[in-house]
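Biologist: I've got a chain open on my screen and would like to talk it through with you. Could you take my questions one by one?

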Amino acid sequence: MDHKPGDPDEKNRIIMAGGKVYQSNAANASHLRGGPPILGPERVLPGRLSVSRTFGDCMAKMEKYGGN
């Protein structure tokens, strides 16, 4: 099973555990010329990863970054 933060059940699990899910976006040449922005992957805070369950993600575990 792939644990993606955009999956509704996984997103709810993250939020109920005190985390946040956000989608990054990037300014790109097309967007600067009036085209649509390119959206990046959905990511999880703490940790800023695009997968929601990881081993050894130090930032996701450090209290100063919102980890547990």
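Modeller: Sure, and one definition before we start: a salt bridge is a side-chain nitrogen of Lys or Arg within 4 Å of a carboxyl oxygen of Asp or Glu. This is a predicted model, where local features need pLDDT of at least 70, side-chain atom pairs count only at pLDDT 80 or more, and totals for chains, interfaces and linings use all residues. Residues are numbered from 1 along each chain as its sequence is written, and side-chain values use heavy atoms, with hydrogens and water left out.

Biologist: In what order do the elements of the chain run from the N terminus on?

Modeller: Helices (H or I, at least four residues) and strands (E, at least two) are DSSP runs here, numbered from the N terminus. There are 3 helices and 2 strands in the chain. Read from the N terminus, the order is α-β-α-β-α.

Biologist: Where in the chain is confidence highest?

Modeller: We go by pLDDT, the predictor's confidence in each residue, from 0 to 100. The chain has a mean of 75, with 65% of its residues at 70 or more. Helix 3 (residues 58-61) has the lowest confidence, at a mean of 63, while the highest, at 88, belongs to helix 1 (residues 8-16).

Biologist: Which residue forms a salt bridge with E10?

Modeller: The count comes to 1 salt bridge. Its two residues both lie in helix 1, 3 residues apart, or about one turn of the helix. The closest N and O atoms are 2.8 Å apart, and the partner of E10 is R13.

Biologist: Is E10 buried or exposed?

Modeller: Buried means under 20% relative accessible area, exposed over 50%, and partly exposed in between (1.4 Å probe, protein chains only). R13 is partly exposed because its relative accessible area is 34%. E10 has just 6%, so E10 counts as buried.

Biologist: How many of the 68 residues of the chain, as a percentage, count as buried?

Modeller: Let's take the surface too: it comes to about 5,200 Å², 56% of it from carbon and sulfur atoms, by the Shrake-Rupley method with a 1.4 Å probe, where for residues only the protein chains shown count as cover. Of the 68 residues, the buried share is 18%.

Biologist: Which residues does V21 touch, leaving out those up to four places away in sequence?

Modeller: V21 sits in strand 1 (residues 20-26). Its C-alpha is 5.6 Å from that of R43, 22 residues away in sequence. Counting contact as heavy atoms within 4.5 Å, V21 touches P5, K11, I14, E42 and R43.

Biologist: And what separates the C-alpha atoms of P37 and N25?

Modeller: P37 is in the loop between helix 2 (29-32) and strand 2 (38-45). With a relative accessible area of 42%, P37 is partly exposed. P37 and N25 are 12 residues apart along the chain, and their C-alpha atoms are separated by 7.1 Å.
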